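Reader: Could you take one part of this model and go through it slowly with me, then tell me what else is worth a look? I'm at the bench, so plain words please.

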Amino acid sequence: MGVQEKVSEKSERYSRYDFVVIGAGNSGLMAACRASKMGLKVLCIEKHNLEGGAAQSFVRGRFEFEATLHEIPDFGQGDIRGMLGHLFDELGIELKFLPIHDAFRYVVAEGKDVKLDVTVPHGREEFINFAESVCPGCRKSCEIYFDCNDIVLKGMDDIGNMRGKFEVEELKKSHPEFIKIMSLTAGEFFRQIGMPQKIIDIISAYWPYQGVDIETIDAGRYILMTCSYFLGGAYMPEFRSHEIEAAIEKKAREYGCDFWFNTEVTAIGTEDGAVSTVTTADGRTVETCAVVANVFPDIVYGKLLDNKKLIPPFELKKANAREFGFRAISVYLGLDASPEELGIKDYNVFLNSTVDTVELFNKCKEMPVIPEGAADGLTCTCTNIVNPDASPEGTTLFSIVSSYLSEAWGTVAPEDYPKYKTMIADKFISRYEEVMGIDLRSHIEEIEVATPVTFARYMGTPQGCVYGYLASDWDGMSTRSLAGVKEMTVPGLFFAGAHGNRLSGFLPTYNDGDIIGKQVMGYVMGGGKQ
């Protein structure tokens, strides 16, 4: 019996589900797993033939490349195991993670002139001691920084437990420090606690992971992200990021979740003002009272929802006001020499021309497809430093990634596309070689370049966006979390993913999916719209 025949048979057996997940990305999978564990009958529909969304790997020659994940925090053991590790434990998701020794190496160079070169450790005391050695007298501000992480964690947890039944004025009384932090940008927060500029510059190296400068990203989001790495360490799954997605899917299936792959959703039906059905491209219709969309609201509102009159006006205003976040450009290299032979010692190097994140962010608005453009804001990763067995003996897996906001790829003629991809790869490689003094070019056995066009083709996201919506002063984690549970959309319709309340990244989207799964549980058990 073929796959489609099995799917059809299952469709006849289960014509109604408590809720349907559209898109088996990080958040969608986690929502499905959580809700299934709590006893709901869940169906997850994915148009690709695999789960995972951006969490994939691909093979070129004798190399298997990681498509997106650089590192993930919170999977330490014992006292340093973070909330994501505990979440996976609770759900019974078992994986082997490999620890990354250092947080990162940060190199800032104008041309070949290196202005800053530091290797930052993991661990609270280790980081504070490192910071004190770099900038004597900063210990107190660093301790406040880490203490504020606990405040933000507690506040966010309590907001989740309140399930939208709170008022900001009450939160100001019960969580005054939390509300104060949530009202600041990361840059404002660091300055208010008296942190020296040099330490701010070093912590700011992580800014590409949120896709916006520290003068714009809200303090709560940036504190949670950076502290999750410094306190709990960083890790990589032994068999690339797709191993995580496969493990979540496996556990969700054990809890009773059904999956339809190679299946595209074409419509979300409504009845009496609430979600009632989901229809697929092959003509199957499933009855349900709730849908979790692990796809952009733009797509749901513009293409899938059958009755657009149900969309609240403020939802349309938000969708129109928001900008899409980072689009990635990745150069993947399979090298015919080992890291030791090449002289590569670091797993993760942030390579910039300046410590000014506002300047770096503004550069992201310009595509590097013009001859005079310079490569900047590079994240350079050597997988073998963490996993020596990631590629055949005597070889190296290496990637150089940068991100941009421009839509310039739409102006590139198809016949010019290969030329521009080659130009970008050349710039990225040359920049790394110039500053680090390491020869990559003469050892390239395999090379692949992924542009926003590539990600759009494989993921189906608008303009190849991989970071959800661009965070802004009016639309960050703080505002989304405080307003999201109150600004409900069509009854029975929920959104999960990088465009959700906790913004982009593996850890935020897993947590977001878990929270959404619990919210849907409450909605379904409460009788849906009623």
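Author: Here's a walk through one sheet and its helices, followed by another sheet and the core.

First, some ground rules: this is a predicted model, where local features need pLDDT of at least 70, side-chain atom pairs count only at pLDDT 80 or more, and totals for chains, interfaces and linings use all residues. Residues are numbered from 1 along each chain as its sequence is written, and side-chain values use heavy atoms, with hydrogens and water left out.

Now the sheet. It's an open one of 5 strands, in the order S10-S2-S1-S14-S20, and the pairing is parallel. Strands here are DSSP runs of E with at least two residues, helices are runs of H or I with at least four, and both are numbered from the N terminus. Two strands pair if DSSP finds at least two bridges between them. S10 (258-260) and S20 (493-495) sit at the edges with a single partner strand each, so one side of each has no neighbour in the sheet. On average, neighbouring strands are turned by 20° against each other, direction ignored. (Axes are lines fitted to C-alpha atoms, for helices over the stretch in contact, and angles run from 0 to 180 degrees between N-to-C directions.) Zoom in on one edge: S14 (residues 291-293) and S20 are joined in the parallel sense by 3 bridges, and Val291 has Leu493 in S20 as its bridge partner.

What lies against this sheet? Helix H19 (residues 506-525) packs on it, touching S1 (19-22), S14 and S20, and its direction makes about 165° with that of S20. Contact, by the way, means heavy atoms within 4.5 Å.

H19 has a helix packed against it as well. Helix H2 (residues 26-37) meets it at an angle of about 35°, with the axes 7 Å apart. The crossing is right-handed; that's the call when the near helix is turned clockwise from the far one by less than a right angle, and anticlockwise would be left-handed. On the H2 side, the residues in contact are Asn26, Ser27, Met30, Ala31, Arg34 and Ala35, and among those they meet in H19 are Phe506, Tyr510, Asp514 and Lys518. Sorted by type, that contact has 5 nonpolar, 5 polar and 4 charged residues, where Ala, Val, Leu, Ile, Met, Phe, Trp, Tyr, Cys and Pro count as nonpolar, Asp, Glu, Lys and Arg as charged, and the others, Gly among them, as polar.

Next, an open antiparallel sheet of 3 strands, ordered S5-S9-S6. S5 and S6 are its edges, with a single partner strand each, so one side of each lacks a neighbour in the sheet. S9 (residues 234-237) is covered on both faces: Ala234 and Met236 on one side, Tyr235 and Pro237 on the other, are all buried. Buried means under 20% relative accessible area, exposed over 50%, and partly exposed in between (1.4 Å probe, protein chains only). S5 (residues 72-73) gives S9 2 bridges, with Pro73 opposite Ala234. S6 (residues 97-100) adds 4 bridges, including Leu98 with Met236.

Finally, the core. The largest nonpolar core holds 112 residues, and Phe104 and Phe230 are among those touching the most other members. A nonpolar core is a set of buried Ala, Val, Leu, Ile, Met, Phe, Trp, Tyr and Cys residues joined through side-chain atoms within 4.5 Å. A second, separate core of 32 residues includes Ala337 and Leu351.
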